[in-house]
Amino acid sequence: MLQDYLLEEKLPLFWCAGCGNGIVLHAILRNIDKRHWTRENTVIATGIGCWGKADDYVKTNSFHGTHGRALAFSTGIKLANPELNVFTLMGDGDGITIGGNHLIHAARRNVDVTAIMVNNLNYGMTGGQYSGTTPKHAITKTSPYGHVENAFDVCGVVKAAGAGFVARGTVYDVVQLDKLIDQAISHKGFSFVEVISPCPTHFGRSNKLGDAPAMMKWIKERTVPAAKAASMSEEDLRGMFVTGVLADRELEDYSTAYQRVIDSLKGAED
Ligand SMILES: Cc1ncc(C[n+]2csc(CCOP(=O)(O)OP(=O)(O)O)c2C)c(N)n1
Ligand code: SF4
């Protein structure tokens, strides 16, 4: 039961009405529940930010780290305790902006953790400043006349850095999101799911996108399934969210490779 994983005494959630974070947390807990994992064998590690508060609400083992460093902590936890099921929850500011270096190296090293990034296109917790994923021209607290920088394609970065499993979903399509998280968990090695999610309080308000349901519609209208995107031009895809599985390849994970070296050295000693 989901209640087995939720710290009900911590409710109501700190998140604003209409924030997408609750939808993502629910999808993760549904997947944990489906596997009958226990609080003892599951770890949820977070960084700092609105999404980084997710660990407050779970009964599993959790670790609330520092901004941008959630992956450093969770990869360490996994390497020291390979039997644990480790999730890393990061915001876009946390995961790809301040924490970008940790993200590319965790992908390259292929440590077996499941990383879920909620991309709400801005720094929610600190008041709506632009992050590394804020779209060009968007209005934020730190780009009041329109953002002049290009945004990261986070999944593109993580795929290029060597991750085995990379996917993008949205909180609009919860059925797809459940499946993507399921596939990510099943993947042996580093797996990454980016979830496009509304921050109506800051990004929505600054860009006059309307209330939470209007922002959901905004996300829906900008979503393109990966299969359809394959036949679209770069120009047509600008500003769109390409969803689905974007990389799925079997690569030797870090712990397996490390164990192989240990075994070979033992063999040399014998
Ligand atoms: C090293 C460090 N730099 C900056 C901050 C301030 N800070 C706290 S949360 C945050 C932004 C969080 O944004 P994001 O990761 O996108 O998560 P969201 O709040 O949008 O879920 C910042 C800049 C901090 N806590 N630590
Ligand atoms: S500020 Fe934005 S990201 Fe933070 S809880 Fe509110 S809606 Fe969610």
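Colleague: Which residues are buried in helix α4 (residues 100–109)?

Modeller: Bear in mind that this is a predicted model. An α-helix has 3.6 residues a turn, so residues three or four places apart point the same way. Here, in α4, the buried ones are His102, Leu103, Ala106 and Ala107. Looking down the axis of α4, you find these buried residues within an arc of 130 degrees, so they line one face of the helix.

Colleague: Nice. What covers the buried residues of α4?

Modeller: The cover includes three helices, α2 (70–80), α3 (92–98) and α5 (154–160), along with strand β6 (191–196). Just after α4, look at Asn110, which has a positive phi of about 60 degrees.

Colleague: And the whole chain: how many helices and strands are there?

Modeller: The protein chain has 11 helices and 8 strands. Its radius of gyration is 19 Å, which agrees with the value near 18 Å for a compact globule of 270 residues. The C-alpha trace spans about 70 × 45 × 30 Å along its principal axes, and 44% of the 270 residues are buried. Of the contacts between residues at least 6 apart in sequence, 65% join residues at least 24 apart.

Colleague: Now for the ligand. Which residues surround ligand 2?

Modeller: Its shell includes Trp15, Cys16, Cys19, Asn21, Cys50, Asn120, Met125, Cys199 and His202. Helix α7 (residues 200–206) gives the largest share of that shell, 3 residues.

Colleague: How many residues of each class, nonpolar, polar and charged, does the shell around ligand 2 have?

Modeller: Sorted by class, the shell around ligand 2 holds 7 nonpolar and 5 polar residues, and no charged ones.

Technical notes
Residues are numbered from 1 along each chain as its sequence is written. Chains are lettered from A and ligands numbered from 1 in the order in which they are written. This is a predicted model: local features need pLDDT of at least 70, side-chain atom pairs count only at pLDDT 80 or more; totals for chains, interfaces and linings use all residues. A residue is near a molecule or strand if its C-beta atom, placed from the backbone, lies within 6 Å of it. Helices (H or I, at least four residues) and strands (E, at least two) are DSSP runs, numbered from the N terminus. Ala, Val, Leu, Ile, Met, Phe, Trp, Tyr, Cys and Pro count as nonpolar, Asp, Glu, Lys and Arg as charged, and the others, Gly among them, as polar. The radius of gyration is taken over C-alpha atoms; the globule rule is 2.2 Å times the number of residues to the power 0.38. A residue is buried if 20 or more other C-beta atoms lie within 10 Å of its own, exposed if 12 or fewer, and partly exposed in between; C-beta atoms are placed from the backbone. Two residues are in contact if their C-beta atoms, placed from the backbone, lie within 7 Å. The arc is that of the directions from the helix axis to the C-beta atoms.
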